[in-house]
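Subject: Structure for you to look at

Hello,

Here is the structure I said I would pass on. My notes on it follow below.

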Amino acid sequence: MSTEETSRFVRLRVELVLEVDDVDAVTKAALRRIADDTDMPGDERAHAESAVTEDTAEALAYLVDPFDLVSEVPGVDLAQASWSCEQIDYDPDSPEWDLDEDDVDEDDEETVG
């Protein structure tokens with residue numbers, strides 16, 4: 001495929017597992033970010049404050065911004081982003097969480113050079 005035939009758009013998938021050891025610090029930081037957002041309407045602000053106070057994952061969603069991940073990468077512009085946070089059961093010793101695992105589906109064939 002020539003350069004002219006390839007898309008200029010790339011989907012970057014990132015999965016992070018964060019350990020929160022200071023819920024209050026995360027919640028306070030999210031509340032500060034909401035308070036600093038002068039463009040947020042009052043009813044949306046009240047909903048956001050309630051959400052981040054009740055759920056640490058919601059607070060993290062307000063603090064993590066995909067733009068921050070790529071803003072200093074030369075030659076790229078963020079075209080679209082979506083993200084979410086959820087609380088999970090995490091066992092670092094479980095093979096289910098093996099980060100070195102190949103991302104090859106059973107139906108896909110892996111070729112060796």
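L12, V14, L16 and L18 make up a nonpolar patch on the surface, and together they have about 440 Å² of accessible area. Please bear in mind that this is a predicted model. One member of the patch, L16, sits in the segment before α1 (23–36). L16 counts as exposed because its relative accessible area is 57%, and the cut-off for that label is over 50%.

Next, the helix α1. Its 14 residues reach 20 Å from the first C-alpha to the last, close to the 20 Å expected at 1.5 Å a residue. The buried residues in α1 are V26, T27, A29, A30 and I34. They cover an arc of only 165° around the axis, so they lie on the same side of α1. On the other side of α1, the residues D24, K28, R32 and D36 are exposed. A general point helps in reading such a pattern: an α-helix has 3.6 residues a turn, so residues three or four places apart point the same way. What lies over the buried residues of α1? The cover includes α2 (42–54) and α3.

The helix α2 can be described along the same lines. It has 13 residues, which should span 18 Å at 1.5 Å a residue, and the C-alpha atoms at its ends are 18 Å apart, in agreement with that. Which residues of α2 are buried? They are R45, A48, A51 and V52. These residues take up an arc of only 130° around the axis, which puts them on the same side of α2. G42, D43, H47, T53 and E54 are exposed, and they are carried by the face of α2 turned away from its buried side. The buried residues of α2 have α1 and α3 among the elements that cover them.

That leaves α3, which spans residues 56–63 and contains T56. Is T56 buried or exposed? T56 is buried, because its relative accessible area is 14% and the label applies under 20%. Leaving aside neighbours within four places in sequence, T56 is in contact with V20, V23, V26 and Q87. Of these contacts, V26 has already come up as one of the buried residues in α1.

To go through this on screen, you could begin with the patch that includes L16, then turn to the buried side of α1 and that of α2, and end at T56 in α3.

Regards

How values were computed: Residues are numbered from 1 along each chain as its sequence is written. This is a predicted model: local features need pLDDT of at least 70, side-chain atom pairs count only at pLDDT 80 or more; totals for chains, interfaces and linings use all residues. Side-chain values use heavy atoms; hydrogens and water are left out. Patches are made of residues with over 30% relative accessible area and no salt bridge: like charges are joined within 9 Å, nonpolar side chains (Val, Leu, Ile, Met, Phe, Trp, Tyr) within 5 Å. Accessible areas come from the Shrake-Rupley method with a 1.4 Å probe; for residues, only the protein chains shown count as cover. A salt bridge is a side-chain nitrogen of Lys or Arg within 4 Å of a carboxyl oxygen of Asp or Glu. Helices (H or I, at least four residues) and strands (E, at least two) are DSSP runs, numbered from the N terminus. Buried means under 20% relative accessible area, exposed over 50%, partly exposed in between (1.4 Å probe, protein chains only). Contact means heavy atoms within 4.5 Å. The expected span of a helix is 1.5 Å times one less than its number of residues. The arc is that of the directions from the helix axis to the C-beta atoms.
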